[in-house]
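Student: I'd like to learn how to read ring pairs and helix packing. Can we walk through an example together?

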Amino acid sequence: MDFFFYPKSVAVFGSFKVGAIAYEILRNIVEGGFDGKIVLVNPKGGTVEVAGKAFEIRPKLEEPVDTAIIAIPAKFVPSLIDEIGELIKGAVVISAGFSEVGNVELERELVEKARKHGVRIIGPNCAGIFGVHGKFFGSFEVRVNPGGLALISQSGAFGGAALAMGNDEGIGFSAFVSYGNAADLNESDFLRYFADDENTKAIALYIEGVRDGRRFMEALRYAASKKPVIILKAGKSKSGARAAASHTGSLAGSYEIYRAAFKQAGAIEVEEMEELFDAAKAFEMYEKAGRRVAVITNSGGPGVLATDKLESLGLEIAQLSDETVEELHSFLPPQCSVKNPIDLIADADYERYKKTIEIVCRDGNVDALLVICVPPIFIPSEEIAKAVIDAECDKPVIVNFMAGELVRDGVKLLEGSGIKNFPTPERAAKALAWLSRR
């Protein structure tokens with residue numbers, strides 16, 4: 001499927017009036033820096049200017065291209081596929097008005113025409129695709145920064161919101177695909193593709209339901225054996241399942257069956273959008289982590305909250321060795337607690353954090369560290385961020401700097417070194433729980 005995510009040429013079909021979907025997709029492609037050939041097609045012809053570039057609009061497609069993006073009325077799509085089928089490898093059908101509104105026959109005709117010409121279809125009723133490392137933004141959703149997360153979404157609007165939220169969270173993407181009605185290609189195909197895509201480090205999947213459970217299980221097991229697969233399942237409740245059926249025409253089925261399938265395949269299931277990105281952030285930094293955690297904090301309350309959450313998630317609060325305790329005692333002020341969680345107290349500075357992280361990291365009973373910082377006004381958060389960055393530690397270190405304005409500069413410094421911040425102790429604890437499941 002490289003012709004979708006790394007195309008060398010693309011044709012866009014639709015209206016190129018400002019504000020029309022085809023126009024907005026064209027603008028995204030051009031502004032996103034796509035350096036392949038772009039062919040615009042509309043029977044009325046004409047010209048259009050986008051981002052300072054002038055394009056001729058052709059009345060029909062007459063040359064081969066890798067991918068077609070189609071945003072025309074649904075009733076004309078099957079005949080268009082029949083007309084251009086020998087010139088394209090794949091088509092992204094943005095157009096709505098197929099099985100999701102009861103036009104099952106029209107969708108069947110679309111698939112028949114595509115199969116006749118060996119054309120693969122994404123959609124219909126979808127929001128398009130991104131091949132971020134190919135600088136291809138074939139969607140009307142917000143563009144994203146390059147990175148390692150491939151987002152597969154059954155819902156276009158969810159995908160768009162998730163991309164925008166990912167930008168805010170500092171997530172880098174390798175690809176995005178909204179597959180809508182999944183008339184041809186579906187989540188199973190994309191799981192297998194991104195499992196083998198060298199630019200993808202983790203896969204995030206939003207699904208409402210699947211049609212072929214056995215095929216999905218095989219694809220999910222294959223993908224999860226190669227890289228982390230993070231799943232957000234909608235339609236868990238009876239009412240949610242009914243809503244999913246009317247949304248994309250998918251069978252939501254029994255949530256218990258899905259949950260067991262995810263677990264059996266080795267996927268990471270999350271409960272909400274925020275968790276989807278927290279898990280993505282964790283896997284962007286580390287492949288996995290052990291279950292025994294040491295908590296280092298300068299504030300007792302957040303340390304206790306982290307400890308509670310870690311234990312409730314089935315992780316262990318590491319039992320520090322006598323040597324570690326002795327070493328910590330040797331330089332920490334007497335009012336510091338050297339039991340796990342380790343409380344460095346409010347005036348903890350660069351040296352206290354750095355040395356503690358390094359000593360605890362060397363302990364054979366510790367698999368991972370959770371470092372919390374609530375800086376007092378007289379110690380800048382950047383100082384503690386620098387301590388985390390400079391500390392020599394070969395184990396996963398998850399950080400929770402809070403809150404807001406107080407830690408903004410420190411968080412920026414951390415992110416510049418590839419260390420993601422988790423804004424609460426509970427979210428940091430969950431990140432370690434997901435890593436431990438790998």
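Tutor: Sure, beginning with F137: its relative accessible area is 6%, so F137 is buried (under 20% relative accessible area with a 1.4 Å probe, protein chains only; over 50% is exposed, in between partly exposed). Keep in mind that this is a predicted model, where local features need pLDDT of at least 70 and side-chain atom pairs pLDDT 80 or more, while totals for chains, interfaces and linings use all residues. Residues are numbered from 1 along each chain as its sequence is written, and side-chain values use heavy atoms, leaving out hydrogens and water.

Student: How many aromatic pairs are there?

Tutor: Rings of Phe, Tyr and Trp (its six-membered ring) pair if their centres lie within 6.5 Å; planes under 30 degrees apart are stacked, over 60 edge-to-face, the rest tilted. That rule gives 12 aromatic pairs here. In one of them, F5 stacks with Y193 at 5.4 Å centre to centre, with 25 degrees between the planes. F130 and F137, by contrast, sit edge-to-face, at 4.8 Å and 75 degrees.

Student: Which residues do ring pairs link into a cluster?

Tutor: F3, F4, F5, Y193 and F194.

Student: And what describes two packed helices?

Tutor: The angle between their axes and the distance between the axes. Here α10 (residues 273-285) and α16 (residues 425-437) pack at about 60 degrees, axes 9 Å apart. That makes the two oblique, the class left over once under 35 degrees is roughly parallel, over 145 roughly antiparallel and 65 to 115 roughly perpendicular.

Terms used
Axes are lines fitted to C-alpha atoms, for helices over the stretch in contact, and angles run from 0 to 180 degrees between N-to-C directions. Helices (H or I, at least four residues) and strands (E, at least two) are DSSP runs, numbered from the N terminus.
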